[in-house]
Amino acid sequence: MLQARRLGKELLVGIHSDEEIMDNKGPTVMTLKERVAAVDACRWSTKSVPYAPYVTSLPWISHYGCQYVVHGDDITSDSSGEDCYRYVKAAGRFLVVKRTPGISTTDLVGRMLLCTKNHFIRSLLKTLAGEEGSESPEERKRLGVEMTQRIREYATDETGFQPGPQVLSWAGSKAAMEDHASEEKGEYRTMADGKAPRQGQRIVYVDGGFDLFSSGHIEFLRQVAMAEEAVGRHEGWFDDSTKDYGPAYIVVGIHDDEVINHWKGVNYPIMNIFERGLCVLQCRYVDSVIFSAPFTPSKAYLTGIPYGLPDAVYHGPTSFMPLTYDPYTAAKVLGIYHEIGNHDFQSVNAGEIVQRILKSREIYEERQRAKGEKAATEEAVQRREAMEQEAARLEEDRAGNR
């Protein structure tokens, strides 16, 4: 989508229905409503077009005023085995972009079913510097350069060319990263320059794992933006015609892989911090990202954020998991804590998505076989279910000890 937006001034994104995908490809993980929410939230998307036909026709794209159709450099076929883009290709109105390397639906499904952890990143900064990883030194260096470039590309504005979100990283002790006993300001490093807060904007902080970045995360961030717009409207922000920017600057802290795994267990997160960070960066409701944010935003951490003490810290309608303490005590004491209420996608999180995959595992395994991938075994699936049950038991114990 980023590459497609760079080819024009507007990007309309057609979204197939659940039924069309089922007939031509297989079962969806997300519903149409959830997928529309994801497209609408993408910074580079101008408009989503639900119920787009699986085979793209010239009348369809002309109706929406589109000059070209853009797709990745793989062949997409319909249920009859014919090229879905044969008509626009024949008319010379088809453009090709490179497929995004390094991650795929098949790969993610494999992680869910097989409970693997080899996708975890211990230190993002060391990985980007080519100092960490299982590859050869030369390969680590090459991958680090590519990953750094990808972060900078995702940290662009709606055109895909100009600076967008600022990207920072935070470093502190393991105790400060995982728990609540340590008060550390830590050290910040700029990973990508972007748009800094502007005159009068309220600094807003949210944090989380954002694993398998889904409609639940997206709607939470959208609700935060809407809540801050309401504050701005009440304070007369939109009465000032000289302000061509919003009333809030939303900063998103993202937890490390080992921090999430410490609290949630099994092989969560399914996506590593690099992948989760890219997902958050492309979201239009985000102005800044802090990689490796601590699990508990302490007073020392909040006051040490380079933009200054946040005017507001928001949390969603459901907790990350049952805890023996409140991670947001400091924000509450400071009088800046706010909660987002219930919304339509509040139950859509990483755990819910994994359960959807497990329920349809036979279909997904057959899909993997068709792609030449090794299918998950029944033994592996049973191991996953057992680990999920154990994690749930530990959560109940934590809740009972509060």
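Pro-269 is found in the loop between α11 and α12 (273-281); helices (H or I, at least four residues) and strands (E, at least two) are DSSP runs, numbered from the N terminus. The model is a predicted one, in which local features need pLDDT of at least 70 and side-chain atom pairs count only at pLDDT 80 or more, while totals for chains, interfaces and linings use all residues. Residues are numbered from 1 along each chain as its sequence is written, and side-chain values use heavy atoms, with hydrogens and water left out.

**Exercise 1. Backbone of the α11-α12 loop**

Task: State which residue is joined to Pro-269 by a cis peptide bond, and determine whether Val-266 is buried or exposed.

Solution.
Step 1. The partner of Pro-269 is Tyr-268, and omega of this cis bond is about 0 degrees.
Step 2. Val-266 belongs to the loop between α11 and α12. Its phi is near 45 degrees, a positive value in a residue other than glycine.
Step 3. Val-266 has a relative accessibility of 8% and therefore counts as buried (under 20% relative accessible area; exposed is over 50%, partly exposed in between, with a 1.4 Å probe and protein chains only).

**Exercise 2. Positive phi elsewhere**

Task: Where is Tyr-51 found, and which residue with positive phi follows α6?

Solution.
Step 1. The loop between β2 (47-50) and α4 (58-63) contains Tyr-51. Its phi is near 60 degrees, which is positive although the residue is not glycine.
Step 2. Tyr-51 counts as exposed because its relative accessibility is 58%.
Step 3. Cys-115 comes after α6, and its phi is likewise positive, near 60 degrees.

**Exercise 3. Covering of two helices**

Task: How many of the ten residues of helix α6 are buried, and what is the relative accessible area of Ile-61?

Solution.
Step 1. Helix α6 spans residues 105-114 and is mostly covered, with seven of its ten residues buried.
Step 2. The buried residues of α6 are Thr-106, Leu-108, Val-109, Gly-110, Arg-111, Met-112 and Leu-113.
Step 3. Ile-61 is located in helix α4. Its relative accessible area is 5%, so Ile-61 is buried.
Step 4. Ile-61 and Val-88 are 27 residues apart along the chain, and 9.0 Å separates their C-alpha atoms.

**Exercise 4. Aromatic pairs**

Task: Classify the ring pair of Tyr-205 and Tyr-301, then that of Trp-263 and Phe-295.

Solution.
Step 1. A pair of aromatic rings is described by the distance of the centres and the angle of the planes. Rings of Phe, Tyr and Trp (its six-membered ring) pair if their centres lie within 6.5 Å; planes under 30 degrees apart are stacked, over 60 edge-to-face and the rest tilted.
Step 2. The structure contains twelve aromatic pairs. For Tyr-205 and Tyr-301, the ring centres are 5.7 Å apart and the planes stand at 65 degrees, so this pair is edge-to-face.
Step 3. Tyr-205 lies in strand β7 (residues 202-208) and Tyr-301 in helix α13 (residues 299-304); the pair thus links distant parts of the chain, 96 residues apart.
Step 4. Tyr-205 counts as buried because its relative accessibility is 1%, and Tyr-301, at 0%, also counts as buried.
Step 5. The ring centres of Trp-263 and Phe-295 are 5.3 Å apart with planes at 20 degrees, so this pair is stacked.
Step 6. Because Trp-263 is in helix α11 (residues 257-264) and Phe-295 in the loop between β9 (288-291) and α13, their pair ties together parts that are 32 residues apart in sequence. Trp-263 and Phe-295 are both buried.
Step 7. Tyr-205 and Tyr-301 form one aromatic cluster with Trp-170 and Tyr-188.

**Exercise 5. Charges over rings**

Task: Which residue lies over the face of Phe-161, and which over that of Phe-94?

Solution.
Step 1. The criterion is NZ of Lys or CZ of Arg within 6 Å of the ring centre and within 35 degrees of the ring normal.
Step 2. Arg-6 lies over Phe-161, at 5.6 Å from the ring centre.
Step 3. Lys-89 lies over Phe-94, at 4.9 Å from the ring centre.

**Exercise 6. Internal space**

Task: Give the volume of the largest cavity and the residues that line it.

Solution.
Step 1. The structure holds two cavities of 30 Å³ or more (sets of points on a 1 Å grid over the protein atoms alone where a 1.4 Å probe fits but cannot get out; lining residues have an atom within 4 Å of a point).
Step 2. The largest has a volume of about 40 Å³.
Step 3. Its lining comprises Trp-170, Ala-176, Asp-179, His-180, Ser-182, Glu-184, Pro-294, Thr-296, Ser-298 and Tyr-301.

Conventions. On a 1 Å grid over the protein atoms alone, a cavity is a set of points where a 1.4 Å probe fits but cannot get out, and a pocket is an open set with protein on both sides within 12 Å along at least five of seven lines; lining residues have an atom within 4 Å of a point. Grid points are joined across faces, edges and corners, and a volume is the space filled by probe spheres set on the points.
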